[in-house]
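Me: Could you take a close look at the salt bridges in this model for me? I would like to hear who pairs with whom, and what the surroundings are like.

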Amino acid sequence: MTKIRPQLIIENPAQVVSCVGDKMSDICPLTNVAIVIQDGVIIEVCSQNEVSNRYIRDNRNVIDATGKVVAPGFVDSHTHLVFYGNRVEEYAAKLYGNAEENLKKLEMKTGPNRTIELTRDQAATELLSQSKKRMYSMLKHGTTTVESKSGYGLTVESEMKILGVGRKLQEETPIDVINTFLGAHGFPEGMTKDQYLKVILEDMIPEVGKKNLAEFCDVWCDDGYFTAEESRQILEAGLAAGMFPKIHADAYSYIGGSDLAADMKMISIDHLNYTPDHVMKRLADSKVVGVVMPALDFAVAHQKPFNARRMLDSGMTIALATDMCPACYTTSMQFVMQLACRLYQFSVEEAIKAATWGGAKALNLEDRGTIAVGQLADLQIWDVPNYKHVAYELGSNLVDTVIKRGEVVYEERAKILENVEF
(Lines give C-alpha, C1' and ligand atoms only; values in the text may rest on other atoms or scores of the structure.)
Protein backbone atom coordinates (compact mmCIF):
# COMPACT_ATOMS: atom_id res chain seq x y z
CA MET A 1 0.00 0.00 0.00
CA THR A 2 1.35 3.42 -0.98
CA LYS A 3 1.67 5.80 1.92
CA ILE A 4 0.57 9.44 1.58
CA ARG A 5 2.06 12.45 3.31
CA PRO A 6 -0.80 14.41 4.93
CA GLN A 7 -0.77 18.10 5.79
CA LEU A 8 -0.53 17.46 9.52
CA ILE A 9 -0.65 14.64 12.06
CA ILE A 10 -1.24 15.19 15.77
CA GLU A 11 0.17 12.22 17.65
CA ASN A 12 0.05 10.77 21.16
CA PRO A 13 -2.35 13.18 22.90
CA ALA A 14 -3.39 12.24 26.42
CA GLN A 15 -6.98 13.04 25.42
CA VAL A 16 -8.88 14.17 22.36
CA VAL A 17 -12.05 16.03 23.35
CA SER A 18 -14.12 15.24 20.27
CA CYS A 19 -17.39 16.97 21.36
CA VAL A 20 -19.27 14.47 19.20
CA GLY A 21 -22.87 13.82 20.26
CA ASP A 22 -26.16 15.70 20.41
CA LYS A 23 -26.43 16.14 24.17
CA MET A 24 -24.87 19.16 25.89
CA SER A 25 -22.89 16.80 28.15
CA ASP A 26 -21.53 14.70 25.25
CA ILE A 27 -17.86 15.46 24.65
CA CYS A 28 -16.75 11.84 23.97
CA PRO A 29 -13.11 12.10 25.08
CA LEU A 30 -10.82 9.74 23.17
CA THR A 31 -7.48 8.21 24.16
CA ASN A 32 -4.82 6.36 22.19
CA VAL A 33 -5.72 8.11 18.95
CA ALA A 34 -4.06 10.38 16.42
CA ILE A 35 -5.63 13.06 14.21
CA VAL A 36 -4.78 13.20 10.51
CA ILE A 37 -5.40 16.40 8.54
CA GLN A 38 -5.35 17.06 4.81
CA ASP A 39 -6.33 20.23 2.93
CA GLY A 40 -7.54 21.87 6.12
CA VAL A 41 -9.95 19.06 6.99
CA ILE A 42 -9.77 16.13 9.43
CA ILE A 43 -9.53 12.97 7.31
CA GLU A 44 -9.00 10.40 10.05
CA VAL A 45 -9.09 9.90 13.82
CA CYS A 46 -7.36 6.58 14.33
CA SER A 47 -4.85 4.62 16.39
CA GLN A 48 -1.17 5.53 16.40
CA ASN A 49 -0.33 2.17 14.80
CA GLU A 50 -2.65 2.89 11.87
CA VAL A 51 -0.98 6.27 11.35
CA SER A 52 2.48 4.71 11.31
CA ASN A 53 1.42 2.06 8.81
CA ARG A 54 -0.49 4.30 6.40
CA TYR A 55 1.03 7.80 6.42
CA ILE A 56 4.39 9.42 5.80
CA ARG A 57 5.53 11.16 8.98
CA ASP A 58 8.42 13.56 9.43
CA ASN A 59 9.42 16.52 11.57
CA ARG A 60 7.58 18.90 9.25
CA ASN A 61 4.10 17.43 9.46
CA VAL A 62 3.91 15.90 12.95
CA ILE A 63 2.95 17.52 16.24
CA ASP A 64 3.80 15.43 19.28
CA ALA A 65 1.00 16.11 21.78
CA THR A 66 2.25 13.71 24.44
CA GLY A 67 0.69 14.51 27.80
CA LYS A 68 -1.60 17.16 26.30
CA VAL A 69 -5.28 17.59 25.41
CA VAL A 70 -6.59 18.33 21.90
CA ALA A 71 -9.93 20.16 21.69
CA PRO A 72 -11.92 21.91 18.97
CA GLY A 73 -11.15 25.59 18.55
CA PHE A 74 -13.56 27.79 20.47
CA VAL A 75 -16.42 29.35 18.50
CA ASP A 76 -17.27 32.71 20.10
CA SER A 77 -20.81 33.40 18.91
CA HIS A 78 -21.49 36.81 20.51
CA THR A 79 -19.02 39.71 20.49
CA HIS A 80 -18.98 43.44 19.78
CA LEU A 81 -15.43 43.18 18.55
CA VAL A 82 -15.09 46.37 16.48
CA PHE A 83 -15.00 49.53 18.59
CA TYR A 84 -12.56 52.27 19.50
CA GLY A 85 -11.08 53.09 22.89
CA ASN A 86 -12.38 51.74 26.18
CA ARG A 87 -14.60 52.53 29.16
CA VAL A 88 -12.10 51.69 31.88
CA GLU A 89 -12.78 54.82 33.96
CA GLU A 90 -16.51 54.08 33.96
CA TYR A 91 -15.92 50.45 34.92
CA ALA A 92 -13.64 51.42 37.79
CA ALA A 93 -16.10 54.04 39.05
CA LYS A 94 -18.83 51.41 39.39
CA LEU A 95 -16.76 49.11 41.59
CA TYR A 96 -16.97 50.94 44.91
CA GLY A 97 -19.02 53.36 47.00
CA ASN A 98 -21.87 55.27 45.38
CA ALA A 99 -21.55 54.32 41.72
CA GLU A 100 -23.96 57.02 40.54
CA GLU A 101 -22.00 59.76 42.30
CA ASN A 102 -18.71 58.37 41.04
CA LEU A 103 -19.99 58.43 37.46
CA LYS A 104 -21.13 62.05 37.79
CA LYS A 105 -17.62 63.04 38.79
CA LEU A 106 -16.28 61.73 35.52
CA GLU A 107 -18.16 64.48 33.65
CA MET A 108 -18.35 62.40 30.49
CA LYS A 109 -20.79 60.22 28.62
CA THR A 110 -21.01 56.65 29.87
CA GLY A 111 -22.47 53.40 28.60
CA PRO A 112 -22.91 52.56 24.91
CA ASN A 113 -23.25 56.26 24.02
CA ARG A 114 -19.63 56.77 25.10
CA THR A 115 -18.45 54.00 22.80
CA ILE A 116 -20.58 55.35 19.95
CA GLU A 117 -19.02 58.77 20.49
CA LEU A 118 -15.52 57.27 20.34
CA THR A 119 -16.18 54.89 17.45
CA ARG A 120 -18.53 56.61 15.01
CA ASP A 121 -16.05 59.02 13.42
CA GLN A 122 -12.91 56.96 13.90
CA ALA A 123 -11.03 55.95 10.76
CA ALA A 124 -11.51 52.38 9.62
CA THR A 125 -7.75 51.83 9.80
CA GLU A 126 -7.74 52.65 13.53
CA LEU A 127 -10.73 50.40 14.19
CA LEU A 128 -8.98 47.60 12.29
CA SER A 129 -5.76 48.03 14.25
CA GLN A 130 -7.42 47.88 17.66
CA SER A 131 -9.69 45.01 16.67
CA LYS A 132 -6.74 42.96 15.41
CA LYS A 133 -5.07 43.21 18.81
CA ARG A 134 -8.19 41.89 20.47
CA MET A 135 -8.40 39.08 17.92
CA TYR A 136 -4.77 38.09 18.54
CA SER A 137 -5.61 37.72 22.23
CA MET A 138 -8.68 35.63 21.38
CA LEU A 139 -6.62 33.40 19.11
CA LYS A 140 -3.92 32.71 21.67
CA HIS A 141 -6.68 31.76 24.13
CA GLY A 142 -8.00 29.16 21.67
CA THR A 143 -10.72 30.92 19.64
CA THR A 144 -10.71 30.11 15.93
CA THR A 145 -14.11 31.49 14.87
CA VAL A 146 -15.70 34.70 16.14
CA GLU A 147 -18.93 36.58 15.51
CA SER A 148 -18.61 40.38 15.26
CA LYS A 149 -21.59 42.72 15.64
CA SER A 150 -22.00 46.28 14.46
CA GLY A 151 -24.01 48.68 16.61
CA TYR A 152 -21.51 51.28 17.80
CA GLY A 153 -22.22 53.72 14.97
CA LEU A 154 -26.00 54.01 14.51
CA THR A 155 -25.64 55.92 11.25
CA VAL A 156 -25.68 54.33 7.82
CA GLU A 157 -22.08 55.31 7.12
CA SER A 158 -20.64 54.20 10.47
CA GLU A 159 -22.53 50.91 10.57
CA MET A 160 -21.24 50.05 7.08
CA LYS A 161 -17.74 51.00 8.21
CA ILE A 162 -17.86 48.68 11.24
CA LEU A 163 -19.10 45.78 9.12
CA GLY A 164 -16.41 46.58 6.55
CA VAL A 165 -13.77 46.28 9.27
CA GLY A 166 -15.22 42.88 10.12
CA ARG A 167 -14.71 41.80 6.53
CA LYS A 168 -11.09 43.06 6.63
CA LEU A 169 -10.48 41.07 9.81
CA GLN A 170 -11.71 37.98 7.99
CA GLU A 171 -9.30 38.66 5.11
CA GLU A 172 -6.23 39.61 7.15
CA THR A 173 -6.25 37.28 10.17
CA PRO A 174 -6.41 33.51 10.68
CA ILE A 175 -9.70 33.67 12.61
CA ASP A 176 -12.96 33.26 10.70
CA VAL A 177 -15.10 36.36 11.34
CA ILE A 178 -18.87 36.13 10.99
CA ASN A 179 -20.55 39.54 10.69
CA THR A 180 -23.85 40.46 12.35
CA PHE A 181 -25.71 43.68 11.57
CA LEU A 182 -26.92 45.22 14.86
CA GLY A 183 -28.00 48.69 13.83
CA ALA A 184 -30.88 48.11 16.27
CA HIS A 185 -28.52 48.29 19.26
CA GLY A 186 -30.14 51.50 20.51
CA PHE A 187 -31.11 54.91 19.17
CA PRO A 188 -28.86 57.77 18.06
CA GLU A 189 -29.12 61.05 19.93
CA GLY A 190 -31.35 63.65 18.29
CA MET A 191 -33.65 61.12 16.66
CA THR A 192 -36.85 59.46 17.85
CA LYS A 193 -37.17 55.69 17.85
CA ASP A 194 -39.73 55.83 15.04
CA GLN A 195 -37.42 57.98 12.93
CA TYR A 196 -34.50 55.64 13.54
CA LEU A 197 -36.58 52.53 12.88
CA LYS A 198 -37.37 53.97 9.46
CA VAL A 199 -33.64 54.49 8.80
CA ILE A 200 -32.91 50.88 9.77
CA LEU A 201 -35.65 49.49 7.54
CA GLU A 202 -35.31 51.77 4.53
CA ASP A 203 -31.62 52.63 4.46
CA MET A 204 -29.40 50.39 6.59
CA ILE A 205 -30.76 46.93 5.89
CA PRO A 206 -30.98 47.42 2.10
CA GLU A 207 -27.40 48.74 2.08
CA VAL A 208 -26.06 45.84 4.15
CA GLY A 209 -27.88 43.39 1.90
CA LYS A 210 -26.69 45.03 -1.32
CA LYS A 211 -23.05 44.97 -0.17
CA ASN A 212 -23.34 41.49 1.39
CA LEU A 213 -21.75 42.75 4.61
CA ALA A 214 -23.42 40.51 7.18
CA GLU A 215 -24.55 36.92 7.66
CA PHE A 216 -26.99 37.77 10.46
CA CYS A 217 -29.35 40.54 11.55
CA ASP A 218 -29.78 41.20 15.28
CA VAL A 219 -31.91 43.50 17.42
CA TRP A 220 -32.05 44.43 21.11
CA CYS A 221 -35.57 43.60 22.29
CA ASP A 222 -35.96 44.89 25.84
CA ASP A 223 -37.65 47.61 27.90
CA GLY A 224 -36.38 50.95 26.65
CA TYR A 225 -35.14 49.48 23.36
CA PHE A 226 -37.17 47.75 20.63
CA THR A 227 -40.52 46.07 21.21
CA ALA A 228 -41.23 42.55 20.03
CA GLU A 229 -43.27 43.87 17.11
CA GLU A 230 -40.56 46.37 16.09
CA SER A 231 -38.02 43.58 16.38
CA ARG A 232 -40.12 41.40 14.09
CA GLN A 233 -40.19 44.16 11.46
CA ILE A 234 -36.42 44.55 11.59
CA LEU A 235 -35.64 40.85 11.51
CA GLU A 236 -38.10 40.09 8.71
CA ALA A 237 -36.55 42.90 6.67
CA GLY A 238 -33.11 41.46 7.42
CA LEU A 239 -34.24 37.99 6.36
CA ALA A 240 -35.54 39.41 3.07
CA ALA A 241 -32.10 41.01 2.57
CA GLY A 242 -30.33 37.67 3.09
CA MET A 243 -29.51 37.82 6.81
CA PHE A 244 -30.58 35.12 9.27
CA PRO A 245 -32.30 36.42 12.42
CA LYS A 246 -30.78 36.62 15.90
CA ILE A 247 -32.03 38.55 18.92
CA HIS A 248 -30.78 40.16 22.15
CA ALA A 249 -33.74 39.44 24.43
CA ASP A 250 -34.83 39.11 28.05
CA ALA A 251 -31.63 40.72 29.31
CA TYR A 252 -33.41 43.18 31.61
CA SER A 253 -37.09 42.37 31.08
CA TYR A 254 -39.43 39.87 29.47
CA ILE A 255 -41.43 41.66 26.77
CA GLY A 256 -41.93 38.88 24.23
CA GLY A 257 -38.55 38.74 22.52
CA SER A 258 -38.00 35.10 23.40
CA ASP A 259 -41.48 34.17 22.18
CA LEU A 260 -40.64 35.91 18.91
CA ALA A 261 -37.42 33.90 18.69
CA ALA A 262 -39.42 30.68 18.95
CA ASP A 263 -42.07 31.90 16.49
CA MET A 264 -39.49 32.82 13.87
CA LYS A 265 -37.26 29.80 14.63
CA MET A 266 -34.29 32.13 14.89
CA ILE A 267 -30.70 30.93 14.84
CA SER A 268 -30.10 32.15 18.40
CA ILE A 269 -31.43 34.17 21.30
CA ASP A 270 -28.81 35.86 23.48
CA HIS A 271 -28.84 36.87 27.20
CA LEU A 272 -32.01 35.14 28.56
CA ASN A 273 -31.88 36.57 32.10
CA TYR A 274 -35.67 36.97 32.37
CA THR A 275 -36.83 34.13 30.13
CA PRO A 276 -39.71 32.13 31.72
CA ASP A 277 -39.43 28.35 31.98
CA HIS A 278 -42.32 27.69 29.57
CA VAL A 279 -40.59 29.80 26.90
CA MET A 280 -37.33 27.91 27.41
CA LYS A 281 -39.22 24.76 26.46
CA ARG A 282 -40.60 26.49 23.35
CA LEU A 283 -37.08 27.55 22.38
CA ALA A 284 -35.83 24.00 22.84
CA ASP A 285 -38.64 22.63 20.68
CA SER A 286 -37.95 25.28 18.00
CA LYS A 287 -34.20 24.45 18.09
CA VAL A 288 -33.24 28.06 18.87
CA VAL A 289 -29.78 28.16 20.43
CA GLY A 290 -29.49 30.05 23.70
CA VAL A 291 -26.31 32.12 23.92
CA VAL A 292 -25.35 32.94 27.50
CA MET A 293 -22.54 35.19 28.69
CA PRO A 294 -21.32 34.64 32.27
CA ALA A 295 -18.60 37.29 31.97
CA LEU A 296 -21.15 39.97 31.06
CA ASP A 297 -23.33 39.17 34.08
CA PHE A 298 -20.17 39.21 36.21
CA ALA A 299 -18.82 42.47 34.77
CA VAL A 300 -22.06 44.42 35.20
CA ALA A 301 -23.05 42.71 38.48
CA HIS A 302 -26.37 41.76 36.88
CA GLN A 303 -29.21 41.79 39.40
CA LYS A 304 -30.78 38.69 37.83
CA PRO A 305 -28.12 36.33 36.47
CA PHE A 306 -29.38 33.91 33.83
CA ASN A 307 -30.42 30.42 34.99
CA ALA A 308 -28.38 28.08 32.83
CA ARG A 309 -29.41 24.95 34.68
CA ARG A 310 -33.08 25.46 33.83
CA MET A 311 -32.20 26.08 30.17
CA LEU A 312 -30.10 22.92 30.01
CA ASP A 313 -32.76 20.89 31.80
CA SER A 314 -35.39 22.17 29.34
CA GLY A 315 -33.42 20.61 26.49
CA MET A 316 -32.08 23.83 24.97
CA THR A 317 -28.84 23.86 23.02
CA ILE A 318 -26.59 26.35 24.80
CA ALA A 319 -23.60 28.33 23.56
CA LEU A 320 -21.13 30.18 25.76
CA ALA A 321 -19.75 33.47 24.44
CA THR A 322 -17.46 36.18 25.74
CA ASP A 323 -19.64 39.19 24.80
CA MET A 324 -16.32 40.96 24.21
CA CYS A 325 -17.22 44.67 24.34
CA PRO A 326 -16.28 47.82 26.31
CA ALA A 327 -18.59 46.78 29.17
CA CYS A 328 -17.26 43.20 29.28
CA TYR A 329 -13.62 43.24 28.26
CA THR A 330 -12.48 39.65 28.06
CA THR A 331 -10.92 37.73 25.20
CA SER A 332 -10.67 34.42 27.06
CA MET A 333 -13.30 31.77 26.53
CA GLN A 334 -11.51 29.76 29.19
CA PHE A 335 -12.38 32.45 31.76
CA VAL A 336 -15.99 32.37 30.55
CA MET A 337 -16.08 28.59 31.00
CA GLN A 338 -14.67 28.86 34.51
CA LEU A 339 -17.42 31.31 35.46
CA ALA A 340 -20.02 29.06 33.84
CA CYS A 341 -18.88 26.08 35.91
CA ARG A 342 -18.46 27.78 39.26
CA LEU A 343 -21.31 30.32 39.18
CA TYR A 344 -23.87 28.76 36.81
CA GLN A 345 -23.64 25.03 37.59
CA PHE A 346 -22.33 23.90 34.21
CA SER A 347 -20.44 20.64 34.30
CA VAL A 348 -16.97 20.86 32.75
CA GLU A 349 -18.26 18.78 29.87
CA GLU A 350 -21.23 21.10 29.27
CA ALA A 351 -18.98 24.16 29.34
CA ILE A 352 -16.59 22.70 26.77
CA LYS A 353 -19.47 21.61 24.53
CA ALA A 354 -21.15 25.04 24.77
CA ALA A 355 -17.93 26.89 23.88
CA THR A 356 -17.27 24.77 20.78
CA TRP A 357 -20.18 22.79 19.29
CA GLY A 358 -22.77 25.12 20.84
CA GLY A 359 -21.05 28.21 19.47
CA ALA A 360 -20.98 26.66 16.00
CA LYS A 361 -24.70 25.90 16.23
CA ALA A 362 -25.37 29.52 17.26
CA LEU A 363 -23.69 30.64 14.03
CA ASN A 364 -25.39 28.03 11.86
CA LEU A 365 -22.03 26.38 11.14
CA GLU A 366 -22.00 22.60 10.72
CA ASP A 367 -18.35 22.23 9.68
CA ARG A 368 -16.63 22.98 13.02
CA GLY A 369 -16.96 22.63 16.77
CA THR A 370 -16.20 18.89 16.86
CA ILE A 371 -13.23 16.65 16.10
CA ALA A 372 -14.50 14.18 13.52
CA VAL A 373 -13.83 13.13 9.95
CA GLY A 374 -14.94 15.82 7.50
CA GLN A 375 -14.78 18.67 10.00
CA LEU A 376 -12.51 21.67 9.61
CA ALA A 377 -9.16 21.19 11.33
CA ASP A 378 -9.73 24.10 13.71
CA LEU A 379 -8.06 22.79 16.84
CA GLN A 380 -6.29 23.80 20.03
CA ILE A 381 -3.82 21.88 22.17
CA TRP A 382 -3.85 22.41 25.93
CA ASP A 383 -0.67 21.81 27.91
CA VAL A 384 -2.43 19.71 30.56
CA PRO A 385 -3.06 15.94 30.80
CA ASN A 386 -6.82 16.12 31.46
CA TYR A 387 -9.54 18.34 29.99
CA LYS A 388 -10.97 19.12 33.44
CA HIS A 389 -8.04 21.47 34.06
CA VAL A 390 -9.81 24.03 31.85
CA ALA A 391 -12.26 24.67 34.70
CA TYR A 392 -9.75 24.12 37.49
CA GLU A 393 -6.83 26.41 36.58
CA LEU A 394 -8.53 29.73 37.26
CA GLY A 395 -7.31 32.65 35.18
CA SER A 396 -4.72 30.55 33.34
CA ASN A 397 -4.28 30.11 29.63
CA LEU A 398 -3.81 26.41 28.91
CA VAL A 399 -3.25 26.86 25.18
CA ASP A 400 0.02 25.52 23.81
CA THR A 401 -0.85 25.48 20.09
CA VAL A 402 -3.68 26.71 17.87
CA ILE A 403 -4.35 25.17 14.47
CA LYS A 404 -6.60 26.80 11.88
CA ARG A 405 -7.63 24.78 8.82
CA GLY A 406 -4.68 22.49 9.39
CA GLU A 407 -2.06 25.24 9.74
CA VAL A 408 -0.30 26.08 13.00
CA VAL A 409 -1.12 29.74 13.60
CA TYR A 410 -0.02 30.09 17.22
CA GLU A 411 2.57 28.38 19.39
CA GLU A 412 3.04 29.38 23.00
CA ARG A 413 6.65 28.23 23.07
CA ALA A 414 7.55 30.39 20.10
CA LYS A 415 5.10 33.15 21.13
CA ILE A 416 4.51 33.95 17.48
CA LEU A 417 1.74 33.85 14.96
CA GLU A 418 3.02 32.11 11.85
CA ASN A 419 2.77 34.15 8.65
CA VAL A 420 0.46 36.74 10.21
CA GLU A 421 1.11 40.37 10.94
CA PHE A 422 -0.72 42.08 13.81
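Reply: Happy to; below is a walk through the charged pairs, followed by a few neighbouring features.

Please keep in mind that this is a predicted model. Side chains of opposite charge can pair when their charged atoms come close. In this structure that adds up to 31 salt bridges, and a few of them are worth a visit.

Let's start with D259 and R282, whose side chains meet in a salt bridge at 3.5 Å, N to O. D259 belongs to helix α9 (residues 257-264) and R282 to helix α10 (residues 277-285), so this pair ties together parts that are 23 residues apart in sequence. The two partners sit in unlike surroundings: D259 has a relative accessible area of 18% and, because the cut-off for buried is under 20%, counts as buried, whereas R282 is partly exposed at 31%.

The bridge between K104 and E101 is a local affair: both residues lie in helix α3, 3 residues apart, which is about one turn of the helix. Their N and O atoms are 3.9 Å apart. Here K104 is exposed, with 52% relative accessibility, and E101 is partly exposed, with 37%.

Another pair is R60 with D58, where the closest N and O atoms are 3.3 Å apart. R60 is exposed at 64% relative accessibility, while its partner D58 is partly exposed at 21%.

Salt bridges also link residues in a network, made up of D176, D367, R368, D378, K404 and R405.

Now for the surroundings of helix α3 (99-106). The loop between α2 (88-93) and α3 holds Y96, an exposed residue with a relative accessible area of 53%. Together with Y91 and L95, Y96 forms a nonpolar patch on the surface, with about 350 Å² of accessible area in total.

Helix α2 also leads us to the largest pocket, which has a volume of about 450 Å³. It is lined by 22 residues, and the closest to its centre are R87, P112, L296, V300 and A327. The elements that give two or more residues to this lining are α2 and α11 (294-299).

Finally, a word on the records. An unreviewed UniProt entry annotates residues 260-409 as "domain: Amidohydrolase-related"; over that span the chain is 38% helix and 16% strand. The annotation "domain: Amidohydrolase", also from UniProt (unreviewed entry), covers residues 62-88, a span that is 4% helix and 37% strand.

Technical notes. Residues numbered from 1 in each chain as written. Predicted model: local features only at pLDDT ≥ 70, side-chain atom pairs only at ≥ 80, totals over all residues. Heavy atoms only, no water. UniProt positions renumbered as here; feature names shortened; annotations may be inferred. Patch = residues over 30% accessible without salt bridge, like charges linked within 9 Å, V, L, I, M, F, W, Y side chains within 5 Å. Areas by Shrake-Rupley, 256 points an atom, 1.4 Å probe, with all protein chains shown as cover. Salt bridge = Lys/Arg side-chain N within 4 Å of Asp/Glu carboxyl O. Buried < 20%, exposed > 50% of the residue type's maximum accessible area, 1.4 Å probe, protein only. 1 Å grid on protein atoms, 1.4 Å probe; cavity = no way out; pocket = protein on both sides within 12 Å on 5 of 7 lines; lining within 4 Å. Points joined across faces, edges and corners; volume = space filled by probe spheres on them.
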